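Open the model in a viewer and keep the selection panel at hand. The tour goes from the whole chain to single residues.

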Amino acid sequence: QVQLVESGGGLVQPGGSLRLSCAASGSIYSIYTMGWYRQAPGKQRELVAVVTRVGSTNYADSVKGRFTISRDSAKNTVYLQMNSLKPEDTAVYYCNAQLHTPITTRSDYWGQGTQVTVSS
C-alpha cells in the first residue's frame with residue numbers, strides 16, 4: 001500500500017513563507033514525478049509545481065519566482081518552498097506522485113491535503 005503524507009501547512013501573513021513536505025512510502029518500484037496541486041474554495045484543482053525524476057521542473061505562472069519545488073530521491077520526498085505568499089495562494093495543497101508499484105505501471109497517487117491560509 002502506498003501513502004503520501006504531507007506536512008507544513010498553516011496560517012501565514014501576506015509576504016510570509018511556508019515550506020510543505022510530502023513523503024511517499026510503501027511498495028514503490030520507482031517515482032516518475034512528484035508535485036503539488038491546490039484547490040481553493042469554489043475552484044478547480046490546479047497544478048502548482050512538479051518535478052521529474054531527472055530534476056526537471058514546471059510551475060504555474062502564478063507562482064513562478066515565488067515558489068520552489070525540490071525533491072530528495074533518497075527519501076522519496078518532495079518539498080515546496082513558498083515565499084512572498086499572497087492571499088490568493090490560500091487553498092488546500094495536495095501532494096501528487098506518479099508511481100510504478102506492484103499493481104500499476106504508472107498511476108497517480110494523492111496525499112490527504114494540507115491547508116494553507118494567507119491572511120493578515
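The stops below each give a selection and then what is found there.

**Whole chain**

Start with the full chain in cartoon view, bearing in mind that this is a predicted model. The chain holds 11 strands and 0 helices, so every element from the N terminus on is a β-strand, as the run β-β-β-β-β-β-β-β-β-β-β shows. The radius of gyration is 14 Å, close to the 14 Å that the globule rule gives for 120 residues, so the chain is as compact as a globular protein of that length. Switch to the C-alpha trace: along its principal axes, the trace spans about 45 × 25 × 20 Å.

Next, turn on a surface. The accessible surface of the chain is about 6,300 Å², and carbon and sulfur atoms account for 46% of that area. Of the 120 residues, 43% count as buried. If contacts are drawn between residues at least 6 apart in sequence, 55% of them join residues at least 24 apart.

Colour the charged side chains. There are 11 positive and 7 negative ones, and the centres of these two sets lie 4 Å apart.

**The nonpolar core**

Select Trp36, Leu80, Met82 and Tyr93. In the largest nonpolar core, which has 32 residues, these four touch the most other members. Now add the strands β3 (18-25), β4 (30-39), β5 (46-52), β7 (67-72), β8 (77-82), β9 (91-101) and β11 (114-118), each of which supplies at least two residues of the core. Which strand gives the largest share of this core? That strand is β9, with 5 residues. In soluble globular proteins, nonpolar side chains tend to be buried together.

Stay on Met82 and show its surroundings. Leaving out residues up to four places away in sequence, Met82 touches Gly16, Ser17, Leu18, Leu20, Arg66, Phe67, Tyr93 and Val116.

**One step back along β8**

Select Gln81, which is in strand β8. Is Gln81 buried or partly exposed? At 27% relative accessibility, Gln81 counts as partly exposed, because the buried class ends at 20%. Draw a distance from its C-alpha to that of Arg19: the two residues are 62 apart in sequence, and the distance reads 4.5 Å. With residues up to four places away in sequence again left out, Gln81 touches Ser17, Leu18, Arg19, Arg66, Phe67 and Thr68.

**Loops on either side of β8**

Move to Asn76, in the loop between β7 and β8. Then go to Ser84, in the loop between β8 and β9. What is the phi of Asn76? The phi of Asn76 is positive, about 50 degrees, although this residue is not a glycine. Ser84, also not a glycine, has a positive phi of about 50 degrees. Most residues other than glycine have a negative phi. Asn76 is partly exposed, with a relative accessible area of 25%, and Ser84 is partly exposed at 42%.

**Last stop**

Finish at Ser62, in the loop between β6 (57-59) and β7. The relative accessible area of Ser62 is 40%, which makes this serine partly exposed. Add Leu4 to the selection and draw the C-alpha to C-alpha distance: Ser62 and Leu4 are 58 residues apart along the chain and separated by 25 Å.

How values were computed: Residues numbered from 1 in each chain as written. Predicted model: local features only at pLDDT ≥ 70, side-chain atom pairs only at ≥ 80, totals over all residues. Heavy atoms only, no water. Helix = DSSP H or I, 4+ residues; strand = E, 2+ residues; numbered from the N terminus. Rg over C-alpha atoms; globule rule 2.2 N^0.38 Å. Buried < 20%, exposed > 50% of the residue type's maximum accessible area, 1.4 Å probe, protein only. Contact = heavy atoms within 4.5 Å. Areas by Shrake-Rupley, 256 points an atom, 1.4 Å probe, with all protein chains shown as cover. Lys, Arg positive; Asp, Glu negative; His and termini not counted. Charge placed at Lys NZ, Arg CZ, Asp CG, Glu CD. Core = buried A, V, L, I, M, F, W, Y, C linked by side-chain atoms within 4.5 Å.
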